[in-house]
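Visitor: Please take a close look at one part of this model, the pairing of its strands, and include the charged side chains found there. I would also like to know how far the prediction can be relied on.

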Amino acid sequence: MGLEIRFGARCDAAWTRIRQTRVGDRVEITAPGSPPQRAAVAHKFDARGYLFTQMVPARQLSALYACLMPAPGDARECVATWGLAQRLAASAARTARVRRAT
């Protein structure tokens, strides 16, 4: 099973997607100051590809949290973006320096 937090830089929004799921699996993403967004695998057609949550504001990129609540029998799986904002900022700074140098 795969659980990801996706980020759209143009719209400052994030969402979660899951793959390799089965009926009954659920996913949730939370962001500060916004209600959680959830999605559930309702039938076998949902389980064939990716299942996405609705978007949440990602103004605080380092505070996003997503969990997969599998169908009964498996352990809960969660991911967070703590520390990600610093890595992205460092990457953007390197990119900006390269662009100025060329």
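Guide: pLDDT is the predictor's confidence in each residue, on a scale from 0 to 100. The protein chain averages a pLDDT of 79, and 78% of the residues score at least 70. This is a predicted model, in which local features need pLDDT of at least 70 and side-chain atom pairs count only at pLDDT 80 or more, while totals for chains, interfaces and linings use all residues. Residues are numbered from 1 along each chain as its sequence is written, and side-chain values use heavy atoms, with hydrogens and water left out.

Confidence varies along the chain. Among its elements, E4 has the highest mean pLDDT, 94, and helix H1 (residues 84-101) the lowest, 46. The pLDDT is below 50 over residues 93-102, and this stretch has zero contacts in the model beyond near neighbours in sequence. Contact here means heavy atoms within 4.5 Å.

Now the sheet. Helices (H or I, at least four residues) and strands (E, at least two) are DSSP runs, numbered from the N terminus. Two strands pair if DSSP finds at least two bridges between them. Four strands form an open sheet in the order E4-E3-E7-E8, with antiparallel pairing. Its edge strands are E4 (34-40) and E8 (77-80), each of which pairs on one side only. Neighbouring strands of the sheet are turned by 15° against each other on average, direction ignored; the axes are lines fitted to C-alpha atoms, and angles run from 0 to 180 degrees between N-to-C directions.

Take the sheet from the E4 edge. Strand E3 (residues 26-31) pairs with E4 in the antiparallel sense over five bridges. Within that pair, Ile-29 of E3 stands opposite Gln-37 in E4. E3 and E4 form a hairpin with two residues between them, and Gly-33 in the turn has a positive phi of about 75°. E3 also pairs with E7, again antiparallel and over five bridges. There Glu-28 stands opposite Cys-67 in E7. Strand E7 (residues 65-69) is in turn joined to E8 by four bridges, and the two run antiparallel. Leu-68 has Glu-77 in E8 as its bridge partner.

Glu-28 has a second role in this sheet, as a salt-bridge partner. A salt bridge is a side-chain nitrogen of Lys or Arg within 4 Å of a carboxyl oxygen of Asp or Glu. Glu-28 forms one with Arg-38, the closest N and O atoms being 2.6 Å apart. Arg-38 lies in strand E4 and Glu-28 in strand E3, so the pair ties together parts that are 10 residues apart in sequence. Relative accessible area (1.4 Å probe, protein chains only) is called buried under 20%, exposed over 50% and partly exposed in between. Arg-38 counts as exposed at 56%, whereas Glu-28 counts as buried at 16%.

The structure holds three salt bridges. The other pairs to look at involve Glu-4. Strand E1 (residues 2-8) is joined to strand E2 (residues 13-19) by seven bridges, and the two run antiparallel. They form a hairpin with four residues between them, and Asp-12 in the turn has a positive phi of about 50°. Glu-4 stands opposite Arg-17 in E2, and their side chains meet in a salt bridge (2.5 Å, N to O). This pair links distant parts of the chain, with Glu-4 in strand E1 and Arg-17 in strand E2, 13 residues apart. Glu-4 also meets Arg-6 in a salt bridge (3.6 Å, N to O). Glu-4, Arg-6 and Arg-17 are thus linked in a network of salt bridges. Arg-17 is buried, with a relative accessible area of 15%; Glu-4 is partly exposed at 23%, and Arg-6 is partly exposed at 34%.

One charged residue follows another pattern. Asp-46 is found in the loop between E4 and strand E5 (51-52). Asp-46 is buried yet has no salt bridge. The nearest side chain of opposite charge, Arg-48, is 9.6 Å away; in this count Lys and Arg are positive and Asp and Glu negative, while His and the chain ends are not counted. Leaving aside neighbours within four places in sequence, Asp-46 is in contact with Thr-21, Ala-40, Val-41 and Leu-51.
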